[in-house]
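Please look at the sequence and the model below before reading on. The paragraphs that follow lead through the structure step by step, beginning with a single residue and then turning to the whole.

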Amino acid sequence: MRALDRALFFLLYGPSPPSAWLAFMAAWSLVGGGYALLAIAPWVLVARVRRAVLGLLAAIVLTALVVVAMKHGFGRVRPYAALEGVRALAFTPPTDPSFPSGHAAGSACLAAYFADRARPARTALLAVAAALVALSRIVLGVHFPLDTLAGALVGGTIGALMARRAMPKTEQH
């Protein structure tokens with residue numbers, strides 16, 4: 001499994017990507033780093049969506065706690081520290097363990113929380129955004145593919161479960 005993970009990593013990572021691609025991936029990494037919550041948090045002041053927003057914030061916090069516990073439990077070294085010729089691109093390299101990806105977890109949590117069979121276009125857009133965040137972490141040299149997959153599974157599961165709990169039955173589809 002580790003060999004496949006490394007092979008997939010080198011398929012997606014390049015030490016000198018085109019600057020436009022690097023900027024695109026860096027932007028998605030920033031979105032996945034929690035900055036999207038800055039746009040979401042003020043909605044807690046709107047009574048008709050307050051319950052949903054508070055549920056999402058609770059899901060994000062729970063996801064972060066699970067991810068931190070897993071990171072310290074597994075202690076996986078990041079690609080730029082584990083593989084020769086790999087460096088972290090675009091940002092100061094993170095120093096915490098690699099597995100699972102918190103960016104992928106948070107993005108998948110948000111996407112799963114707002115997934116809705118009655119709104120397939122919105123659901124697809126959120127899924128693509130979460131996938132781009134996960135991809136960005138590999139392209140930037142800070143996560144292996146299995147880190148992002150595990151993060152997406154953790155965050156997606158928590159997001160979906162918390163949405164079922166937070167949303168009134170009339171809003172669930």
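Leaving aside its neighbours within four places in sequence, with which residues is Pro-15 in contact? In this predicted model, Pro-15 sits in the loop that runs between α1 (2-12) and α2, and, once those neighbours within four places are set aside, its contacts are with Gly-85, Arg-87 and Leu-89. Pro-15 has a relative accessible area of 42%, so it counts as partly exposed. Another pair of residues gives a sense of distance: Pro-15 and Leu-57 are 42 residues apart along the chain, and their C-alpha atoms are separated by 36 Å.

With that starting point in place, we can turn to the protein as a whole. Its secondary structure consists of seven helices and zero strands, and reading along the sequence therefore gives the pattern α-α-α-α-α-α-α. Taken along the principal axes, the C-alpha atoms fill a box of roughly 55 × 35 × 25 Å. For a chain of 173 residues, a compact globule would have a radius of gyration near 16 Å, and the 17 Å of this protein agrees with that expectation. Buried residues account for 42% of the 173 residues, while the protein exposes about 9,400 Å², of which carbon and sulfur atoms supply 70%. If we consider contacts between residues at least 6 apart in sequence, 79% of them join residues that are at least 24 apart.

The loop between α4 (79-82) and α5 deserves a careful look, and Pro-100 is one of the residues that lie in it. The peptide bond that leads from Phe-99 to Pro-100 is cis, with omega near -5°. The same loop is also the place of Ala-90, which has a positive phi of about 80° although it is not a glycine. Both details are worth noticing because most residues other than glycine have a negative phi, and most peptide bonds are trans.

Is Pro-100 buried or exposed? Its relative accessibility is 0%, and because buried means under 20%, Pro-100 counts as buried. Apart from its neighbours within four places in sequence, Pro-100 is in contact with Val-67, Met-70, Lys-71, His-143, Asp-147, Ala-150 and Gly-151. The C-alpha atoms of Pro-100 and Ala-69, which are 31 residues apart along the chain, are separated by 9.8 Å. Ala-90, by contrast, has a relative accessible area of 47%, so it is partly exposed.

Helix α7 (residues 145-166) offers a further comparison, since Thr-148 is found in it and Ala-160 is found there too. Thr-148 has a relative accessible area of 7% and is therefore buried, whereas Ala-160, at 34% relative accessibility, counts as partly exposed. Leaving aside neighbours within four places in sequence, Thr-148 is in contact with Ser-101, Ala-104, Ala-134, Arg-137, Ile-138 and His-143, and His-143 also appears among the contacts of Pro-100. For Ala-160, with neighbours set aside in the same way, the contacts are Ala-112 and Tyr-113. Ala-160 and Arg-2 are 158 residues apart along the chain, and the separation of their C-alpha atoms is 29 Å.

Ala-20, which lies in helix α2, gives an example of an exposed residue, because its relative accessibility is 61% and exposed means over 50%. Between Ala-20 and Val-142, which are 122 residues apart along the chain, the C-alpha atoms are separated by 19 Å.

The last step is to ask where the protein leaves space open. Rolling a probe the size of a water molecule over the atoms shows where empty space is left. What is the volume of the second largest pocket? The second largest pocket has a volume of about 450 Å³. The elements that give two or more residues to its lining are α2 (19-40), α3 (50-74), α5 (102-113) and α6 (120-139). In total, 28 residues line this second largest pocket, and those that lie nearest its centre are Gly-32, Gly-34, His-103, Gly-106 and Ser-107. Divided by kind, the residues of that lining are 15 nonpolar, nine polar and four charged.

Technical notes: Residues numbered from 1 in each chain as written. Predicted model: local features only at pLDDT ≥ 70, side-chain atom pairs only at ≥ 80, totals over all residues. Heavy atoms only, no water. 1 Å grid on protein atoms, 1.4 Å probe; cavity = no way out; pocket = protein on both sides within 12 Å on 5 of 7 lines; lining within 4 Å. Points joined across faces, edges and corners; volume = space filled by probe spheres on them. Helix = DSSP H or I, 4+ residues; strand = E, 2+ residues; numbered from the N terminus. Nonpolar A, V, L, I, M, F, W, Y, C, P; charged D, E, K, R; others polar. Buried < 20%, exposed > 50% of the residue type's maximum accessible area, 1.4 Å probe, protein only. Contact = heavy atoms within 4.5 Å. Rg over C-alpha atoms; globule rule 2.2 N^0.38 Å. Areas by Shrake-Rupley, 256 points an atom, 1.4 Å probe, with all protein chains shown as cover.
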